[in-house]
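Subject: A structure for you to look at

Hi,

Here is the structure I said I'd pass on. Have it open while you read, and I'll walk you through what turned up.

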Amino acid sequence: MTPSAGLWFEPNTGQVKGRTEFIGRTRGAYLYMTVAEVVFVIPSEKMRQVRMSFVGAAAKPSSRPEQPTGGHSNYFVGKTEKEWFTGIPHHERLRYRDVYPGIDVVYYGTEGRIEYDFEVKPGADVSKLGIQFSAPVSLA
């Protein structure tokens, strides 16, 4: 089963090198989620990427996938089983807790597009929120 929104998140169990904690997949883009930023990669003739980060955010907010879809990914990237990553579960939502004190960020999909909400606990200071985007960069 795949999510009806056309977007899912999966934990990085080694299928992607580097600091990536979660991978998001849509029909038109890939997302690489780290504790510090989200990297949007848009495949086209000239692969493009845009980085989004939260200014002044917590150094290591906790992350948790939510709403399992029942789907799984398998990656057979080498010749031996050590290089295979199988049964990686798909989730419809991804939550980063306390990105700012009392403020969570929740990522999800709507009609194949990535969206995010800030969930603010009573008394949290929303004036701390700050989002920074990089200019699109061509990877080709």
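Here's one to start with: which residue in β10 does methionine 52 stand opposite? It's phenylalanine 133. Before going further, bear in mind that this is a predicted model.

That pair is part of a bigger link: β5 (48-54) and strand β10 (residues 131-133) run antiparallel and are joined by three bridges. β5 has other partners too. Six bridges connect β5 with β4, again antiparallel, and here valine 39 stands opposite arginine 51 in β5. Then there's strand β11 (residues 137-138), which pairs with β5 in the antiparallel sense over two bridges. In that pairing, glutamine 49 has valine 137 of β11 as its bridge partner. Now look at how covered β5 is: five of its seven residues are buried.

Next, the pocket. The largest pocket has a volume of about 160 Å³, and 10 residues line it. Thr20, Tyr32, Val39, Gln49 and Arg51 are the ones that lie nearest its centre. You've already met a few of those: Val39 and Arg51 are the residues that stand opposite each other, and Gln49 is the one bridged to β11.

Where does the lining come from? β4 (37-42) and β5 each supply at least two residues of it, with the largest share, three residues, coming from β4. By class, the lining is a mix of four nonpolar, three polar and three charged residues.

Now scroll along to strand β8 (residues 103-110). Is this strand mostly covered or mostly open? It's mostly covered, with seven of its eight residues buried. β8 has a hairpin on each side:

- With strand β7 (residues 84-100), β8 runs antiparallel, joined by four bridges. Tyrosine 100 has isoleucine 103 in β8 as its bridge partner. Two residues sit between the strands of this hairpin, and glycine 102 takes a positive phi near 80 degrees.
- With strand β9 (residues 113-120), β8 pairs in the antiparallel sense over eight bridges. Threonine 110 stands opposite arginine 113 in β9. This hairpin also has two residues between its strands, and in the turn glutamate 111 has a positive phi of about 50 degrees.

If you want a place to begin on screen, try β5: click on Gln49 and Arg51, which are among the residues nearest the centre of the largest pocket, then follow the bridges from β5 across to β4.

Cheers

Notes: Residues are numbered from 1 along each chain as its sequence is written. This is a predicted model: local features need pLDDT of at least 70, side-chain atom pairs count only at pLDDT 80 or more; totals for chains, interfaces and linings use all residues. Side-chain values use heavy atoms; hydrogens and water are left out. On a 1 Å grid over the protein atoms alone, a cavity is a set of points where a 1.4 Å probe fits but cannot get out, and a pocket is an open set with protein on both sides within 12 Å along at least five of seven lines; lining residues have an atom within 4 Å of a point. Grid points are joined across faces, edges and corners, and a volume is the space filled by probe spheres set on the points. Ala, Val, Leu, Ile, Met, Phe, Trp, Tyr, Cys and Pro count as nonpolar, Asp, Glu, Lys and Arg as charged, and the others, Gly among them, as polar. Buried means under 20% relative accessible area, exposed over 50%, partly exposed in between (1.4 Å probe, protein chains only). Two strands pair if DSSP finds at least two bridges between them.
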